[in-house]
Amino acid sequence: MNVFFLLFIEFFQIGLFAVGGGPATIPFLMDLADRRNWYTRADVANMLAVSESTPGPIGLNMATYAGYHAAGIPGGITATLSLVLPSIIVIVIIAKILNNFSENRYVKSAFWGIRPAVTGLILTAVLGIFETAIFTDANGNFQFPILSILLCIIFFVLMNIKKLKKLHPFFWIVSGAVIGLIFQL
């Protein structure tokens with residue numbers, strides 16, 4: 001089957017079902033890494049790092065990166081457009097019928113139930129990325145790097161200090177990169 005058609009189908013489905021924005025795409029991308037040979041789970045962690053440090057929505061950046069990884073520039077374009085197409089379709093439909101259903105108790109109840117499901121998806125993604133980023137080496141083998149774990153804890157504590165919480169995420173990204181270069185992690 002044509003790689004572009006597969007990219008379209010896979011990313012259309014991700015765009016259709018990843019309710020909750022960019023972080024909600026991570027479990028789908030992990031699953032896709034397991035099913036296709038386009039990239040690995042370690043690549044998803046790299047995609048997330050690149051997506052977080054570049055302008056634009058995380059989900060779109062990750063789709064572009066994954067599509068590029070699978071089939072070059074045309075693959076990146078295909079994956080990106082496929083990811084946003086369901087949202088465009090849904091927004092057009094919702095715009096037409098929103099006034100009729102915005103106060104419907106069934107619609108409100110459905111959205112009330114969707115929120116915890118999306119939160120669970122995002123938490124699963126966070127734990128998966130944490131496991132891959134900290135406990136998996138470049139070859140996909142398990143490792144237990146004491147220094148990386150210690151740095152992760154230190155960054156977590158520092159980021160939750162009231163005065164430091166206000167620092168821009170770019171500061172933390174650059175700090176992590178500098179520390180990684182110094183210690184060659």
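**Group meeting: an all-helix model**

Hi everyone, let's start with the fold: the secondary structure of this protein comes to 8 helices and 0 strands. Before going further, please keep in mind that this is a predicted model. Reading from the N terminus, the elements simply go α-α-α-α-α-α-α-α.

Now the overall dimensions. The C-alpha trace spans about 55 × 45 × 25 Å along its principal axes. Of the 185 residues in the protein, 29% are buried. The accessible surface is about 12100 Å², and carbon and sulfur atoms account for 70% of that. How do the contacts divide by sequence separation? If we take contacts between residues at least 6 apart in sequence, 51% of them join residues at least 24 apart.

For those of you who like electrostatics, there is a charge figure too. The protein has 11 positive and 8 negative charges, and the mean positions of the two sets are 17 Å apart.

Let's zoom in on the start of the chain, with helix α1. This helix covers residues 3-17, which is 15 residues. From its first C-alpha to its last, α1 reaches 21 Å, close to the 21 Å expected at 1.5 Å a residue. Which residues of α1 are buried? They are L6, L7, E10, F11, I14 and G15. Looking down the axis of α1, these buried residues fall within an arc of 160 degrees, so they line one face of the helix. Do note that E10, a glutamate, is on that buried list.

Next, a residue from the middle helices: A117, which lies in helix α5, residues 105-135. Is A117 buried, partly exposed or exposed? With a relative accessible area of 46%, A117 counts as partly exposed, because the partly exposed class runs from 20% to 50%. A117 and G20 are 97 residues apart along the chain, yet their C-alpha atoms are separated by 9.5 Å.

Finally, over to helix α8, residues 169-183, where we find I173. I173 is partly exposed as well, with a relative accessible area of 35%. What does I173 touch, once we leave aside its neighbours within four places in sequence? The answer is E52 and S53. As for N104, that residue is 69 places from I173 along the chain, and the two C-alpha atoms are separated by 44 Å.

So, to recap for anyone who came in late: we have a predicted model with 8 helices and 0 strands, and an α1 whose buried residues line one face. Thanks for listening, and I'm happy to chat afterwards!

Technical notes:
Residues are numbered from 1 along each chain as its sequence is written. This is a predicted model: local features need pLDDT of at least 70, side-chain atom pairs count only at pLDDT 80 or more; totals for chains, interfaces and linings use all residues. Side-chain values use heavy atoms; hydrogens and water are left out. Helices (H or I, at least four residues) and strands (E, at least two) are DSSP runs, numbered from the N terminus. Buried means under 20% relative accessible area, exposed over 50%, partly exposed in between (1.4 Å probe, protein chains only). Contact means heavy atoms within 4.5 Å. Accessible areas come from the Shrake-Rupley method with a 1.4 Å probe; for residues, only the protein chains shown count as cover. Lys and Arg count as positive and Asp and Glu as negative; His and the chain ends are not counted. The place of a charge is taken as NZ of Lys, CZ of Arg, CG of Asp or CD of Glu. The expected span of a helix is 1.5 Å times one less than its number of residues. The arc is that of the directions from the helix axis to the C-beta atoms.
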